[in-house]
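Welcome! Have the sequence and the 3D view open beside you, and try each task before you read its solution.

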Amino acid sequence: MEEFPDIGGLMVSKLITESGKKPMFMYREKRTVADDSGWRIFSGLESDEYVNDPKNIGIYHPSHIIEIEPTIKDLLLKGVGSVYERSNEKSSWYKVNDYKLEDDFIGVHFLTEKWTITINNLFERTKEENGDLLYTTGDKSVRIAIWNIDQSKKEIYEEQLESIKNRDESQSVTLSKYEFSDTKVSRIGYKIRETNNEKEYEVIYGFSIVDKEIIQLALYFDNNEDEFWAIETWKSIKIVQQ
């Protein structure tokens with residue numbers, strides 16, 4: 001079998017791996033340890049008593065479960081918060097929107113003493129080696145850098161605006177431009193499309209500006225429907241004191 005990306009282990013009911021039942025319901029929650037994918041996969045025949053007994057749940061490599069049920073292969077690359085089910089063994093999987101995961105709630109996080117972001121708690125937060133903050137579910141991500149600059153808000157804004165107008169588009173064409181400024185924070189940015197070895201995705205590069213400080217952020221998503229999420233997340237980054 002073609003090597004599957006290293007997403008971590010799957011927690012799977014032994015009714016599937018040992019009793020021959022087919023996967024019918026699966027969801028991806030926030031991982032509990034570093035090598036946990038967050039995926040929980042069930043046949044739909046498990047009782048609460050069965051699921052609550054750790055002996056009935058095993059941890060498996062994705063390739064093993066794909067061999068049992070190849071139709072889940074693409075679903076396993078969906079992000080944290082994804083929930084899927086199907087009505088029978090031969091039907092297609094469909095996305096479930098009314099199943100509430102434990103960590104599925106909106107919260108306010110402090111980026112610094114001065115800045116906050118409002119974001120779903122399903123996003124895992126890490127600090128990268130260069131000091132940037134990364135929030136990610138796997139299929140949606142926000143990368144944030146905060147810089148101190150000895151310039152006024154107007155000066156920084158005009159410099160970034162000029163940079164957007166004159167950016168080199170030979171590698172990536174500007175798809176959209178944005179302006180969401182208010183009385184406290186100037187916000188400008190643009191959207192492009194990028195690719196890596198696995199998939200194509202869109203990125204909004206945004207700049208939130210106040211006097212002597214700028215937040216540079218990149219919002220990554222691979223579904224056009226998530227542009228609304230990206231913009232609202234950008235707008236949610238606010239200053240709490242001047």
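Four exercises with worked solutions follow.

Before starting, note that this is a predicted model, in which local features need pLDDT of at least 70, side-chain atom pairs count only at pLDDT 80 or more, and totals for chains, interfaces and linings use all residues. Residues are numbered from 1 along each chain as its sequence is written, and side-chain values use heavy atoms, with hydrogens and water left out.

**Exercise 1. The sheet**

Task: work out the strand order of the open sheet of seven strands, and find which strands stand at its edges.

Solution. Step one is to know what to look for: helices (H or I, at least four residues) and strands (E, at least two) are DSSP runs, numbered from the N terminus. Two strands pair if DSSP finds at least two bridges between them.

Step two is to follow the pairing, which is antiparallel and gives the order E9-E10-E11-E15-E14-E13-E12. Strand E9 (124–127) and E12 are the edge strands; each has a single partner strand, so one side of each is left without a neighbour in the sheet. From one strand to the next, the twist averages 20°.

Step three is to look at what packs on the sheet. Helix H5 does, touching E11, E12, E13, E14 and E15, where contact means heavy atoms within 4.5 Å. The direction of H5 makes about 165° with that of E15; axes are lines fitted to C-alpha atoms, for helices over the stretch in contact, and angles run from 0 to 180 degrees between N-to-C directions.

**Exercise 2. Strand E14 and its partners**

Task: describe how E14 pairs with E13 and with E15, and say how many of its residues are buried.

Solution. Begin with strand E13 (residues 186–195), which pairs with E14 in the antiparallel sense over ten bridges. A hairpin of four residues joins the two strands. Along this pairing, Ile 188 stands opposite Phe 207, and Thr 195 has Glu 200 as its bridge partner.

Now turn to E15, which runs antiparallel to E14 and is joined to it by nine bridges. Here Ser 208 is opposite Ile 215. The hairpin has two residues between the strands, and Lys 212 takes a positive phi near 65°.

Last, check burial: buried means under 20% relative accessible area, exposed over 50%, partly exposed in between (1.4 Å probe, protein chains only). Nine of the eleven residues of E14 are buried, so the strand is largely enclosed by the rest of the structure.

A helix residue touches this region too. Gln 160 lies in helix H4 (residues 153–165) and is buried because its relative accessible area is 11%. Leaving aside residues up to four places away in sequence, Gln 160 touches Ile 188, Phe 207, Ile 209 and Ile 214.

**Exercise 3. The nonpolar cores**

Task: find which residues touch the most other members of the largest nonpolar core.

Solution. First, the term: a nonpolar core is a set of buried Ala, Val, Leu, Ile, Met, Phe, Trp, Tyr and Cys residues joined through side-chain atoms within 4.5 Å. The largest core has 23 residues, and Leu 111 and Ile 144 touch the most other members. Among the elements that give two or more residues to this core are strand E8 (115–120), strand E11 (140–148) and helix H5 (227–236). A second, separate core of 16 residues includes Ile 16, Ile 72, Leu 75 and Leu 76.

**Exercise 4. Aromatic rings**

Task: classify the ring pairs Tyr 27 with Tyr 99 and Tyr 178 with Trp 234.

Solution. Rings of Phe, Tyr and Trp (its six-membered ring) pair if their centres lie within 6.5 Å; planes under 30 degrees apart count as stacked, over 60 as edge-to-face and the rest as tilted. The whole structure holds ten such pairs.

Tyr 27 and Tyr 99 are 5.4 Å centre to centre with 40° between the planes, a tilted pair. They are 72 residues apart in the chain. Tyr 27 counts as buried at 12% relative accessibility, while Tyr 99 is partly exposed at 36%.

For Tyr 178 and Trp 234, the centres are 6.1 Å apart and the planes at 85°, so this pair is edge-to-face. Tyr 178 is in strand E12 (residues 176–179) and Trp 234 in helix H5. Both are buried, Tyr 178 at 10% and Trp 234 at 0%.
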